[in-house]
Amino acid sequence: MFRQTDRSVLGLETAGFVVAERGTRKVSGLVDSDESGAVFGQLGRRGLAGRMHEQLDELLAARDQMEQVLGLIVEIGSDLDLDATLQRIVHAAMGLTGARYGALGVRAADGTLASFHHLGMDADTVHGIGHLPVGKGVLGLLLDRTSTVRLDDLTQHPAAVGFPEHHPPMRGFLGVPIIIRKTVYGSLYLADDQPGHGFSASDEIAARALAAAAGVAIDNARLFDRVTRAVQWVTASREISTAVLSGEAPQAESLQVIAERARDLTDAEQAIVLVPTDPDLPATDIDTLVVLTAVGVHAGEVIGQQVPVQGSTSGEVFRTGKPVITESFRYPIAAFTDVGQRSAVLMPLRAGDTVLGVIAVARDPHQPRFGPSYLDLVSDFAGHAAIALRLAAAHARERELSVAVDRERIAHDLHDHVIQKLFAAGMDLQGSIARARSPELVERLTRTVDDLQATIDAIRTSNFGLQHPRGQVADFRQRIQRLIAELTENRPIATTLQMRGSITGVGVELADHADAVITEAISNTVRHSGASRLTIEITTGDELAIDLIDNGCGIPTDNQRRSGLSNMERRAERLGGTCQITTPSEGGTHVRWTAPIIES
């Protein structure tokens with residue numbers, strides 16, 4: 001027989017286990033019926049039976065939860081898309097614990113939240129709250145620890161910092177860290193707003209089991225995401241190289257294609273490309289960058305803005321050739337940096353040791369921040385794009401050189417063969433005119449000689465155009481000297497050229513008009529005036545002034561040269577200038593043609 005006190009040892013009271021039979025039979029040889037009744041009475045008074053039922057219910061609920069966990073583990077690993085996996089984990093945790101709100105925060109390198117995936121709040125509520133959490137208060141407790149946080153009322157925790165405006169109330173809280181390869185990847189947060197609704201120990205166990213499985217699923221999804229993104233960037237680099245090298249598009253259009261692909265691949269809101277205002281200068285002498293290309297929102301407002309190299313984030317990337325991830329720019333760019341503080345990546349467009357420009361991509365303020373993994377991807381892409389641009393520019397220069405060589409060859413052939421033959425034919429006809437006796441024949445031969453001379457002048461003008469294509473004004477002075485030499489070659493006329501002032505302000509269009517005016521005036525002089533001397537004075541200041549003075553017979557009264565003179569007048573009017581043709585007191589003709597110089 002055991003003593004009464006040995007019942008506790010057998011667990012009859014503390015564990016709630018009693019072996020009894022009806023009637024007056026002994027209970028396992030220990031107690032009689034009266035004693036058993038006393039025991040059950042004690043159980044009823046102490047509530048042990050109710051506690052037994054509660055514990056059994058909790059055990060059954062825990063078993064059901066673990067069965068549910070096993071099913072959810074299979075479900076969350078069914079897709080390798082990272083964002084979809086994170087959302088499924090949050091949804092599974094809410095269903096597992098009955099929480100009304102759930103979120104998964106991804107830890108950034110600086111210990112804050114890099115991204116925050118949440119469920120339970122509608123779009124209007126999210127919009128009213130504004131900026132997503134960054135990892136302060138209770139949410140930040142889990143970012144540097146591996147233990148679980150379970151609270152009945154999170155507002156009473158010492159680390160609580162309160163909720164922002166329009167945020168729904170929350171009380172019960174359960175936070176579980178997600179650990180991948182012994183490193184805290186982020187945290188799983190569960191909350192509820194019902195008073196008295198707390199998370200149980202079995203909820204905590206189930207959530208921890210789910211978080212452990214989530215770590216494996218996230219790790220697999222991250223690996224798949226890195227591989228997929230690397231393939232996308234490589235494919236985009238190949239597409240960019242093909243498009244830039246095979247097309248005839250100018251640099252601005254090529255940079256636009258690069259900016260669009262970079263924005264798409266980084267899921268960014270905006271992308272801009274900055275290049276030096278004067279790319280021909282040495283890198284050390286470049287002090288200003290200009291936004292040549294912009295895609296995304298406010299693109300039209302961003303293009304053309306200038307950024308100093310000194311003291312700007314873009315200038316630092318250009319000068320050092322090193323990429324930067326930032327959330328603020330030291331120098332403001334209207335419609336780009338003032339859209340709001342958001343994550344941005346700046347990469348140099350670098351080909352070898354030369355930096356051609358800077359490409360910057362910026363996300364929406366509500367999007368996740370760029371992680372360090374983007375640096376390698378965007379860097380490789382920018383490097384390939386820069387090399388493609390350099391190769392395209394080299395190919396373009398080769399094509400231009402080839403065209404220039406062909407133009408030069410054609411010009412020499414025209415000069416050495418065609419012009420000389422026409423000139424010889426004209427000389428023969430002039431000899432025939434001297435021997436002719438019929439006025440009608442003289443007039444007819446004279447018209448033919450004039451036509452030949454006009455043809456020679458036209459070929460010479462075309463020759464100059466072949467050697468100096470439209471759009472290129474390398475040296476206006478050399479251009480005019482060459483033109484005068486071509487037009488007066490083998491003609492019995494002494495020509496003097498005087499040029500005053502700086503010619504750097506003479507643009508392409510004005511130079512072309514001046515070329516045509518001088519050609520027309522000299523042709524009229526050598527064909528009709530009989531002059532032996534021609535003076536050409538070109539003066540530049542606020543305007544381009546061209547004076548052509550000869551000692552010939554002056555403007556004929558029959559007005560046969562009116563068409564050429566009218567053409568010079570029309571060119572002057574088109575440019576806002578003047579054209580005056582007068583006869584000096586000593587004879588001859590004075591043509592004065594002016595046009596304003598507009599600074600570009």
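In what sense do strand β1 and β2 pair, and over how many bridges? Let's start there. Strand β1 covers residues 101–107, and it pairs with β2 in the antiparallel sense over six bridges. Here is one bridge to find on screen. Take Arg 107; its bridge partner in β2 is Leu 113.

Before going on, a reminder: this is a predicted model.

Now the whole sheet. It is open and has five strands. Read across, the order is β2-β1-β5-β4-β3, and the pairing is antiparallel. Which strands sit at the edges? They are β2, residues 113–119, and β3, residues 149–151. Each of these two pairs on one side only. Neighbouring strands in the sheet are turned against each other by 15° on average, with direction ignored.

Next, a helix on this sheet. Helix α4 runs from residue 82 to 97. Which strands does α4 lie across? Three of them: β1, β2 and β5. Its angle to β2 is about 50°.

Stay with the sheet strands for one backbone detail. Look at the loop between β4, residues 172–180, and β5, residues 183–192. Arg 181 is in that loop. Arg 181 is not a glycine, yet its phi is positive, about 55°. Is Arg 181 buried or exposed? Exposed: its relative accessible area is 69%, and the cut-off for exposed is over 50%.

There is another residue of this kind. Asp 267 also has a positive phi of about 55°, and it is not a glycine either. Find Asp 267 in the loop between α7, residues 251–266, and β6, residues 270–276.

Last stop, a helix pair. Helix α12 spans residues 476–488, and helix α13 spans residues 508–529. Their axes come within 10 Å. How do the two helices run relative to each other? The axes cross at roughly 25°. Angles under 35 degrees count as roughly parallel, so α12 and α13 are roughly parallel to each other. The crossing of α12 past α13 is right-handed.

Who meets whom? On the α12 side, the contact includes Phe 476, Arg 479, Ile 480 and Leu 483. Ile 484, Leu 487 and Thr 488 of α12 also take part. On the α13 side, among the residues met are Ala 511, Asp 512, Ala 514 and Asp 515. Ile 518, Thr 519, Ile 522 and Ser 523 of α13 belong to the contact too. By type, the contact residues divide into nine nonpolar, three polar and three charged.

Methods:
Residues are numbered from 1 along each chain as its sequence is written. This is a predicted model: local features need pLDDT of at least 70, side-chain atom pairs count only at pLDDT 80 or more; totals for chains, interfaces and linings use all residues. Side-chain values use heavy atoms; hydrogens and water are left out. Helices (H or I, at least four residues) and strands (E, at least two) are DSSP runs, numbered from the N terminus. Buried means under 20% relative accessible area, exposed over 50%, partly exposed in between (1.4 Å probe, protein chains only). Axes are lines fitted to C-alpha atoms, for helices over the stretch in contact, and angles run from 0 to 180 degrees between N-to-C directions. Angles under 35 degrees count as roughly parallel, over 145 as roughly antiparallel, 65 to 115 as roughly perpendicular and the rest as oblique. A crossing is left-handed if the near helix is turned anticlockwise from the far one by less than a right angle, and right-handed if clockwise. Contact means heavy atoms within 4.5 Å. Ala, Val, Leu, Ile, Met, Phe, Trp, Tyr, Cys and Pro count as nonpolar, Asp, Glu, Lys and Arg as charged, and the others, Gly among them, as polar. Two strands pair if DSSP finds at least two bridges between them.
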